[in-house]
Amino acid sequence: MLTEGLVVVHERLGEEAQRLMKLVLKGPIAKTAQAGQFVAVRVQDPTLASYDPLLRRPISLAEISPESDEITLLYRVVGKGTEILARARCGDRLSIMGPLGRGFSLPEDGELWLIAGGIGIFPLYPLAQRALAKGLSVRLFWGGDNQTFLESAGLSEWQALGIPIHLSTMDGSLGQKGLVTVQVLGLLWEFNGKVENSGQTMDGKLYVATCGPHKMMQAVTELCMNSGVPVEVSLEERMGCAVGACLGCVCTLKDEAGTLIHKKVCQDGPVFRGEEVVWDVSC
Ligand SMILES: Cc1cc2nc3c(=O)[nH]c(=O)nc-3n(C[C@H](O)[C@H](O)[C@H](O)COP(=O)(O)OP(=O)(O)OC[C@H]3O[C@@H](n4cnc5c(N)ncnc54)[C@H](O)[C@@H]3O)c2cc1C
Ligand code: FES
């Protein structure tokens, strides 16, 4: 589980102000990784002989290529750890732990809707690839601040998949202005109506996977539960050890009887069934 990744690509993604980076690592991890899993990357500066920052940083797998032994991490530079990571150069060897956590499940048939907010799009790409390879219909809903963000964060790669894409931006510069959940609601009603008119039930017809801000995933879960659509959510909460030892990522869920239980996002997640998450109690 503890391994090294050789840096083969490390470059800025899109417009500079977005502070997004693409990091491709070569290593054995690509053989076993699943969509929705993550790695914990050591981000200490080797030139400083220091243990600061002590904790590894969790980053989702944004692409998994077992045939070339490569994984891609897409990340935003937000603080000390990611600033140090952004200095890694091609040829460096990074210490990584992983693949970690429980990823998304893949439905047997039917349609899969991916619903992303901001950089929550990153872990959904390998899921889309696997679903398409399995012959499922895939549809993407993606909301971001503006056109520049969406284009910087990989819109053209998504368009190349040839799937229906519904974009939303807060400033209306691309797609529909406003929250992505408004578009989801509209299409969900339409989908539901078609199924009802055909005299069938929603069972096995539609599945949803979502990643993004907490409030967005809560809203998506409510919409899905009201329509009887199974939904999986990726809780990208702050982490400590990332391997189940520190309890720093414990979050509140409920079991099938409605009893409150605690689980570790790093080991039991980050992907959970939306209906089991207690949204108003934070992790
Ligand atoms: C399972 C998982 C997968 C993730 N995948 C990705 C990914 O694919 N791409 C990506 O860019 N980021 C991802 N993140 C978030 C990433 O781990 C953090 O941005 C990173 O650890 C920040 O480290 P830092 O030292 O640069 O920032 P810090 O100095 O630790 O923090 C800087 C700022 O970022 C905020 N912050 C830090 N971590 C998080 C977090 N998890 N959620 C919300 N706010 C946070 C802090 O509150 C602070 O305001 C993921 C997190 C988890 C738990
Ligand atoms: S981060 Fe330490 S238990 Fe999950």
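Four exercises on a predicted model follow, each with a worked solution.

Residues are numbered from 1 along each chain as its sequence is written, while chains are lettered from A and ligands numbered from 1 in written order. Because the model is predicted, local features need pLDDT of at least 70 and side-chain atom pairs count only at pLDDT 80 or more, whereas totals for chains, interfaces and linings use all residues.

**Exercise 1. Domains**

Task: State which domains the protein chain has, and describe the contact of domain 1 with domain 2.

Solution:
- Start with the bounds. The assignment gives domain 1 (2-100), domain 2 (111-234) and domain 3 (237-283). Such bounds come from an automatic or database domain assignment.
- Take the separation next. The C-alpha centres of domain 1 and domain 2 are 26 Å apart.
- Now list contacts (C-beta atoms, placed from the backbone, within 7 Å). Here 14 residues of domain 1 touch 13 residues of domain 2.
- Locate the domain 1 side. β5 and β6 are the elements that give two or more residues to it.
- Sort that side by class. It has 7 nonpolar, 4 polar and 3 charged residues. Nonpolar means Ala, Val, Leu, Ile, Met, Phe, Trp, Tyr, Cys and Pro; charged means Asp, Glu, Lys and Arg; the others, Gly among them, are polar.

**Exercise 2. The antiparallel sheet**

Task: Work out the strand order of the open sheet that contains β1, and name its edge strands.

Solution:
- Fix the terms. Helices (H or I, at least four residues) and strands (E, at least two) are DSSP runs, numbered from the N terminus. Two strands pair if DSSP finds at least two bridges between them.
- Read the order. The 7 strands run β4-β3-β7-β1-β2-β6-β5, with antiparallel pairing.
- Pick the edges. β4 (57-60) and β5 (63-65) each pair on one side only.
- Add the twist. It averages 35° from one strand to the next.
- Check one pair. β2 (residues 20-26) and β6 (residues 70-76) are antiparallel and share 7 bridges. Within it, Leu-20 has Arg-76 in β6 as its bridge partner.

**Exercise 3. The shell around ligand 1**

Task: Find which residues come nearest to ligand 1, and which elements supply the shell.

Solution:
- Collect the shell (C-beta atom, placed from the backbone, within 6 Å). It holds 21 residues, and Ser-60, Tyr-75, Gly-79, Gly-81 and Thr-82 come nearest.
- Assign elements. β4, β6 and α1 (80-85) each give two or more residues. β4 gives the most, with 4 residues.
- Count classes. There are 11 nonpolar, 4 polar and 6 charged residues.
- Map to domains. Domain 1 and domain 3 each supply at least three residues.

**Exercise 4. The mixed sheet and its helices**

Task: Describe the sheet with mixed pairing, then the packing of α5 with α6.

Solution:
- Read the order. This open sheet of 7 strands runs β11-β10-β9-β8-β12-β13-β16. Its edges are β11 (176-177) and β16 (271-273).
- Check a pair. β9 (residues 137-144) and β10 (residues 165-169) are parallel over 5 bridges. Trp-142 stands opposite Leu-167 in β10.
- Place a helix. α2 (residues 124-133) packs on the sheet, touching β8 (111-117), β9 and β12 (206-211).
- Compare axes (lines fitted to C-alpha atoms, for helices over the stretch in contact; angles from 0 to 180 degrees between N-to-C directions). α5 (residues 180-197) and α6 (residues 214-227) come within 11 Å and cross at roughly 10°. The two helices are therefore roughly parallel, a term for angles under 35 degrees.
- Inspect the contact. Among the residues that meet are Val-184 and Leu-188 in α5, and Val-220 and Leu-223 in α6. By class, the contact has 8 nonpolar, 3 polar and no charged residues.

Key. Two residues are in contact if their C-beta atoms, placed from the backbone, lie within 7 Å. Angles under 35 degrees count as roughly parallel, over 145 as roughly antiparallel, 65 to 115 as roughly perpendicular and the rest as oblique.
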